[in-house]
Amino acid sequence: MQIKRIQALAAALVCLWGASAATPDYTSYVNPFVGTTNFGTTNPGAVVPNGMMSVVPFNVMGADTTLNVYDKDARWWSTPYEFHNRFFTGYAHVTLSGVGCPDLGSLLTIATTGDLEPDYHLYGTTYSDEKAVPGYYTNRLDKYDILTEVTSTLRTSAERYTFPGGKGNILINLGQGLTNESGATVRRVSDTEIEGSKLLGTFCYNPQKVFPIYFVMRVSKCADASGYWKMQPELTGVEAEWTPDNGTYKLYTQYGRELSGDDIGYWWTYDSLEPGEQIEVRMGVSFVSIANARENLDKEQTTLTFDDMRAAAHDAWANDLGRIRVTGGTEEQKQVFYTALYHALIHPNILNDVNGQYPLMESFGDGVVEDGHNRYTVFSLWDTYRNVHQLLTLAYPERQTDMIRSMIDMSKEWGWLPKWELFGRETFTMEGDPAIPVIVDSWRKGLRDYDMDAAYAAMVRSATTPGADNPMRPDIDPYIAHGYVPLGTHQADNSGDNSVSHALEYYVADNALAWLAAERGDTDLARTLAKRAKGYANYYSKESGTLRPLHEDGSFLTPFNPRQGENFEPVPGFHEGSAWNYTFFVPHDVDGLARLMGGNKKFVDKLQKVFDEGLYDPANEPDIAYPYLFSRFKGEEWRTQEQVARLLDENFTTKPDGIPGNDDTGTMSAWAVFSMMGLYPDCPGEPYYTLTTPVFESVEIDTPQGTLTIDAPRNSADEKYISSMTLGGRPLKSYRISHDQFMEGKNLNFKLSNSHK
């Protein structure tokens, strides 16, 4: 048996790492541990591209705070895994990557040895020998000497536990997880199968936004004993803390019906396992029904071994990562690039089951997706509308098209396009109307296989409906009346008074919609929206040299410190940042903003000050396009090239802290992907890229229209400045090109030098 296991492992490793020299295996450049500390909130768990299922080690919950520096109950923590933590309490199924709010991360499974102990404070263990590659994760549980391995398909998971021998247990804990909701149900189906559901929700502690996840779980071997457990607390007061003596679990060994409660679970015990014996756990999930979870499990895993699924997960990632091929650069730069591309392809996730069913958006009942298409979820649009969807449009257009179809169908189901949607519920997190520029951007780039009439109707609805009836723009009335959002208005996510941030996002959305309205012949609306999009000028204060919050009477907030908020402390008018993080966020009218600031030179000098004085925040969205603004001004393009190179080197590495902050469902990673290729989508809703120096000597991007190439041969690493460019063999004089220009020219060529002078 040992020889067979070694042979199987060797075969799996050949499949995983053994691509030929002629066909590089780009998964070998991915390090799933990047971003797992420094609040990057990524995780090393097993997932396939845009998969519903992910299987993630859960280590942010434990009794020993010395092992859990980042404990979910001790602080706001939004990921099931933190690199420095070492107290494992199970594998979570279905998680979020890179987000800043806690939710999901439940259905915790674990294997143990010895007597059954269903209390995670006691069965939790340190671990070692962890490894992760795309689609696979493994570790060894120190207390039990159990080797654990996990992999996944789109909607299901497989876990393999190798026991040291003797007595062993498999447990599923339905009472714990990242979600702020409690409550679950589990029912025994057979000796080897259970089914049930777990309540999830209250993302960002948003009340009432709850939804269930349904599951079917199977073990590969009949147990000697099995049953339920339920916590029986004996706490003496509300403020009492847990100790092993003040709470016990009641075991149900002869009970055959379902069990419901807040802290419940199910267990299987094996009295006499052989040394090296393996037990597998398979799980299917659905957001529609238990029956669908079972069908997902049956259809995605029929006849497949664990190693089959692991190999298929690897191949899925290899194919997706291989759509963009880079040569040149250092090994570390390739690892940064492909790890970032990997993170950018985790969300949004497929929501529909294998039979096409999915939960309707904020509605009763279920929908069925059209054959050949998928319904998507986890639309973190305030983040991803800036670059993730542009990356998908460029290299994964069939997926982006289905995501747009999903957004439009959501508007048909409940009346509105999504803002920050999560498994059929709108969380209203963050600002703006970000679905509008996403759809307009893709439409202008040629993706049109969706109902634009319905999309346009939904866009107009959110841009014109009075605030009392408008969940997308509840502060639209003063916005229309004044051209700005005054202090004293609050968004639906209960994040405080973020009036300037709201308005700036609306300006971007209205600019995109103005173009579409004009294109459709709706000239009056187009004119109105275009005028609205210039309203940012109301906020500009010559005294502070920044945008500045306004009272309803038009007077500026006084006193005012434009640096307040740079450490995420609350500040009137701005969300998660200071006035400096927002002042240049007018991507649709850079020239107008420059005139407002006194001309191009003053604009450039002030923008340079942002970088020179540490006013730029690389870890959050509002200012991430700032480095590219220099290139709008002739003779200043070198500043973009210099700043982008510096920011990449300083903020994106192959270490666990190698993302500067929350990855925000791939947004920070997409910034790195674009920047390393040498072009960046500079304004959501407008089909343009600003060019900069590529990191690599060659980039190939597969598209339905053919392969695009970006060439930047260099003689030395310090050649970071562009001396000349051609597109399709013709000289380029502008550092801003349209998407159509890129698609038609196909080959973008840079000549580089080590000086900008």
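User: Buried means under 20% relative accessible area, exposed over 50%, and partly exposed in between (1.4 Å probe, protein chains only). Which residues of α7 are buried?

Analyst: They are Val388, His389, Gln390, Leu391, Leu392, Thr393, Leu394 and Ala395. Please note that this is a predicted model, in which local features need pLDDT of at least 70 and side-chain atom pairs count only at pLDDT 80 or more, while totals for chains, interfaces and linings use all residues. Residues are numbered from 1 along each chain as its sequence is written, and side-chain values use heavy atoms, with hydrogens and water left out.

User: And why is α7 described as largely enclosed?

Analyst: Helix α7 covers residues 388–395, and 8 of its 8 residues are buried, so the rest of the structure largely encloses this helix. Helices (H or I, at least four residues) and strands (E, at least two) are DSSP runs, numbered from the N terminus.

User: What about α12, covered or not?

Analyst: Helix α12 is mostly covered, with 18 of its 21 residues buried. Gly521 follows α12 and has a positive phi, near 85°.

User: Switching topic: how many disulfides are there?

Analyst: The count is 1 disulfide, taking a pair of cysteine sulfur atoms within 2.5 Å as the rule. The bond joins Cys101 to Cys204, with an S to S distance of 1.5 Å. The link of Cys101 and Cys204 is right-handed, with 50° about the S-S bond.

User: Where do those two cysteines sit?

Analyst: They lie in distant parts of the chain, 103 residues apart. Cys101 is in the loop between β3 (91–93) and β4 (106–113), whereas Cys204 is in the loop between β11 (193–201) and β12 (210–219).

User: Is Cys101 buried or exposed?

Analyst: Cys101 counts as buried because its relative accessibility is 7%. Cys683, at 1%, also counts as buried, while Cys222 counts as partly exposed at 47%.

User: Where is Pro570, by the way?

Analyst: Pro570 is in the loop between β27 (546–547) and α14 (579–582). With 75% relative accessibility, Pro570 counts as exposed. The C-alpha atoms of Pro570 and Glu398 are separated by 41 Å, and these residues are 172 apart along the chain.

User: Now the open sheet of 3 strands: what order do they take?

Analyst: The order is β23-β24-β25, and the pairing is antiparallel; two strands pair if DSSP finds at least two bridges between them.

User: Which are the edge strands?

Analyst: The edges are β23 (379–380) and β25 (425–426), each of which pairs on one side only. Strand β24 (residues 420–422) is joined to β25 by 2 bridges. Across that pairing, Leu422 stands opposite Arg425 in β25.

User: One more thing: how many cavities of 30 Å³ or more are there?

Analyst: The search of the whole structure finds 4. A cavity is a set of points on a 1 Å grid over the protein atoms alone where a 1.4 Å probe fits but cannot get out, and lining residues have an atom within 4 Å of a point.

User: What lines the largest cavity?

Analyst: The largest cavity holds about 140 Å³ of space, a volume being the space filled by probe spheres set on the points. Of its 15 lining residues, Phe585, Pro587, Ala625, Asp682 and Pro684 are the closest to its centre.

User: And which residues lie nearest the centre of the second largest cavity?

Analyst: Val47, Ser54, Thr95, Ser97 and Ile346 lie nearest its centre, out of 14 lining residues. The volume of the second largest cavity is about 80 Å³.

Conventions. On a 1 Å grid over the protein atoms alone, a cavity is a set of points where a 1.4 Å probe fits but cannot get out, and a pocket is an open set with protein on both sides within 12 Å along at least five of seven lines; lining residues have an atom within 4 Å of a point.
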